[in-house]
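Me: I would like to go through this model with you, one question at a time, and I would be glad if you could show the reasoning before each answer.

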Amino acid sequence: MEFIKAFDQLSKRDVRIAGGKGASLGEMTQAGIRVPPGFVVLASAFERFLEETDLDVELEAILKKVRHKDLDSVERASVELRDLIHNASMPKDIAVEILKSYDRVFGKQKTLVAVRSSATAEDSSVASWAGELESYLETPRGKLLERVKRCWSSLFTPRAIFYRFEKKLHKSPVSVAVVIQQMVESQIAGVCFTVHPVTKDRNQMVIEAVWGLGETIVGGMVTPDTYVVHKKDFSILDVNINRQENMMVRKSAGGTHLVPVAKLRRERQKISGKQLVELAALCKKIESHYHYPQDIEWAFGPSANRKTSQFYIVQSRPITTL
Amino acid sequence: MKRIQWTRYGKWHTPLLEAWMMLRAMDEPLLPILGYSRGFTHVLSIDGECYLDPIQWEQLKRHFHKLWKRRGNQFLRSFIEYNRSITTQAFNRSSRFKLPDQRASITNKELRALFKPFMDPVSVMPPMALNWTITALAEVLQPIVLEHIDMLKTRRRLRERSDLLLVELLQPRTTAHLIQEEEQLLAIANIVTLDPNLRRRIINSSPSDIAVLLKRYAPTILLRLANHRRTYAWLAVIDWWGSLPSLSSYLRRLREMLKGNPRTERIKRQTERRQRELRIRRLLAHLDAPPRFRHTIDYLRNLLDSKLLQWDTVSMTGYRTRPLLTEIGRRLGLSYEDVLHLLPKEIMRSLKEGLVVPKSEVARRIRNHAVMNIGTGLLVFSGRNAITLYRQQLPSISRQSGTAGFKGTIAYPGIMHGRVRIIPTVESLRKMREGEILVCPMTNPDYMPAIRKAKAIVTDEGGILCHAAIVARELKIPTITGTKIASQTLKNGDYVEVDATAGIVRRVSSA
């Protein structure tokens, strides 16, 4: 039985084994859209874990006792359930396979990875689970197995338990896959809207870029560069360079902090014309893949072997309101 | 007593303490570095309504005119630098009024030390005096700049109206605090969008439920909101008044932002700002404006921003000193409002010897108060005496007869139709309804709640650099200033067209 799959072995039909998040990463990889490298610990691993440790019966029994209107009872059950999972040991073959995959994808370097839960359920309800489970950022190899178990147990956080009763999902089977993906230490990062949000011109896209991690844009800490690119011929219609004093970087021990930008780079344009065209082409590809205007988060950072730098697509979602 | 031909400057919701401080500050030399060693020695403030001696006003304007003739842009630059440094200093130093956490444990002596800066009003509120000088300067410069645009325009054979061109050119340069606040809240909304479920739940919850939700699932966001409130709550303080916004008011606004798309909203705002700059650059190129004129425009834009900063400084000072004044009041057995009607020296003495002003006198001052300076120092009147002074100094001003349409200065272009709401003084602010047209003698920061609801603004006084004009630009509300007669000619409920692209107000139908 297989417990692990690389992104390029998955497609959007694999929601049942890899969850919504895992399947969509597979889908993007298949379509030739570069996402930060990683792999998925399939739901079968979690099910195997439950069988091997005989936890499934116990979990069921505890869940049955929950009265979801009573918050205290939900919280008590959650603590019980999660402790059971955390204290049980992971079957050896699964543990070995996870660590092996880590080494295969990231080499022997100390790459920090994001460990995210990806709920698997009936196709219709998987979307409603998105974002309900836990994620752990900046995980070193040494904490990987523990965090995978935490992702599994996040099926039983008070929030998730409450949610499954509230949405009447407690009758339908739900399981969890775990996505393990490199945390890109971006030199440049930003956002791309494949439609101009102000003029609503579908032939123009707007790209924003900052030095360092992209969180500074969303958090409003830094005013990014803004570029307007024509979608047909990738001509650059407008360049607005903004001075940047500080950038966010990842600490090697995990966590982020603001550091000053090198003096020479403060006033400089963040992405060159050539890179801009490359990025614009990439974003256009995503839009035509999904047949809908997209709001894309991208990063420019070292590749898995750390030899070169390249663009990664961190997240893409449809723009529903303009 | 000598009678002066006073001109009205504006109506503020000013307590005696502030009126007294303002008049004291104005009595000082206004612009020592610009060689103007005089202050306004003839000023009258009655229940917050302020009157100046027109002769002194003209003198200041003549002085500005002379300096402009002699030194041009250089004069503007030093004027702005002076203004900005003093205002920024006052803004930043307002934190010196902060009370220690254990406020009950400090002695009266320590309170006196904290309050002491009030004895020198210039150090507490320099903007109070400076604000007037900017208005005077604007009155001098407006016709000059307009004439210049006229000239450039004719040379290039352009058809556009000069006053519209000027409004286009005078866009804000820096981001005002009130806009900054919105954008910071937008940033928090943006962080929420990273978690689609949280966003969905916030949209469907009441503010109190949102607080519980955030506490449980996103404590960092709640923390950021609390921080945001601490940083910007002072914006709700206007002068000394206004209640601080509750956390749920921010939660409500966050929810509204999340109903839209905060991600595109953020980029929209940035692009708009960018396009504003591009438009100005294009317009100047279009006019083939010489560098000297471009600099003048640049300085004028700076001046607008620093005027806004001055009002912010007054709000900030009001916000920062409120706990101090409240604590002083508590010890003297007075309310916060009572303390605002004591003079600084009375407060200092009272903290030492117990309340030196009878409570009945404080009550009289709250009802009516006046401060007057006719070159002999400050005189304070209360109750009936203030009313007598008012009758004596200001015989009723005759009302002008009504007309169907009248003109004013365009402060922010656009055309709006709507029902008139006349707000002659801040006391009637609460009558303002969403989407009405605000008509008043002149706005000031006290009017902000009404301005936020207004579809368009029409004022009797002011020009392109007045409060209404600056705020209208920031909030993009079509506005006509300086109509002279609007608040007397129009009636509540009249249906009017405010054509702020032509500068004309027309009455469509009467109430």
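Me: Is B:Glu353 buried or exposed?

Reply: The model is a predicted one, and the values here are computed from it. B:Glu353 lies in helix α16 (residues 344–353) of chain B, and its relative accessible area is 52%. Since the term exposed applies over 50%, B:Glu353 is exposed.

Me: Which residue forms a salt bridge with B:Glu353?

Reply: The partner lies in helix α16 of chain B as well, four residues apart from B:Glu353, which is about one turn of the helix. The closest N and O atoms of the pair are 3.5 Å apart, and the partner counts as partly exposed at 47% relative accessibility. The residue is B:Arg349.

Me: How many residues apart in sequence are the parts that the salt bridge of B:Arg452 and B:Glu182 ties together?

Reply: The side chains of B:Arg452 and B:Glu182 meet at 3.4 Å, N to O. B:Arg452 lies in helix α19 (residues 448–453) of chain B and B:Glu182 in helix α8 (residues 177–193) of chain B, so the distance in sequence between the parts they tie together is 270 residues.

Me: Which residues are linked with B:Glu182 and B:Arg452 in a network of salt bridges?

Reply: B:Glu182 counts as buried at 15% relative accessibility, whereas B:Arg452 counts as partly exposed at 44%. Both belong to a network of salt bridges, in which they are linked with B:Glu183, B:Glu265, B:Arg269 and B:Arg273.

Me: Why is there no bond between the sulfur atoms of A:Cys283 and A:Cys192?

Reply: A disulfide needs the two cysteine sulfur atoms to be within 2.5 Å. A:Cys192 holds the cysteine sulfur closest to that of A:Cys283, yet the two are too far apart for a bond, because the distance is 3.5 Å.

Me: Which residue in β3(B) does B:Val43 stand opposite?

Reply: Strand β2 (residues 42–46) of chain B runs antiparallel to β3(B), and four bridges join them. The two strands form a hairpin with two residues between them. On strand β3 (residues 49–52), B:Glu49 and B:Tyr51 are buried on one side, and B:Cys50 is buried on the other together with the residue in question. B:Val43 stands opposite B:Leu52.

Me: With which residues is A:Ser101 in contact, leaving aside its neighbours within four places in sequence?

Reply: A:Ser101 has its place in helix α5 (residues 92–106) of chain A, and at 2% relative accessibility it counts as buried. Leaving aside neighbours within four places in sequence, A:Ser101 is in contact with A:Ile4 and A:Phe39.

Technical notes. Residues are numbered from 1 along each chain as its sequence is written. Chains are lettered from A and ligands numbered from 1 in the order in which they are written. This is a predicted model: local features need pLDDT of at least 70, side-chain atom pairs count only at pLDDT 80 or more; totals for chains, interfaces and linings use all residues. Side-chain values use heavy atoms; hydrogens and water are left out. Buried means under 20% relative accessible area, exposed over 50%, partly exposed in between (1.4 Å probe, protein chains only). Contact means heavy atoms within 4.5 Å. Two strands pair if DSSP finds at least two bridges between them. A salt bridge is a side-chain nitrogen of Lys or Arg within 4 Å of a carboxyl oxygen of Asp or Glu.
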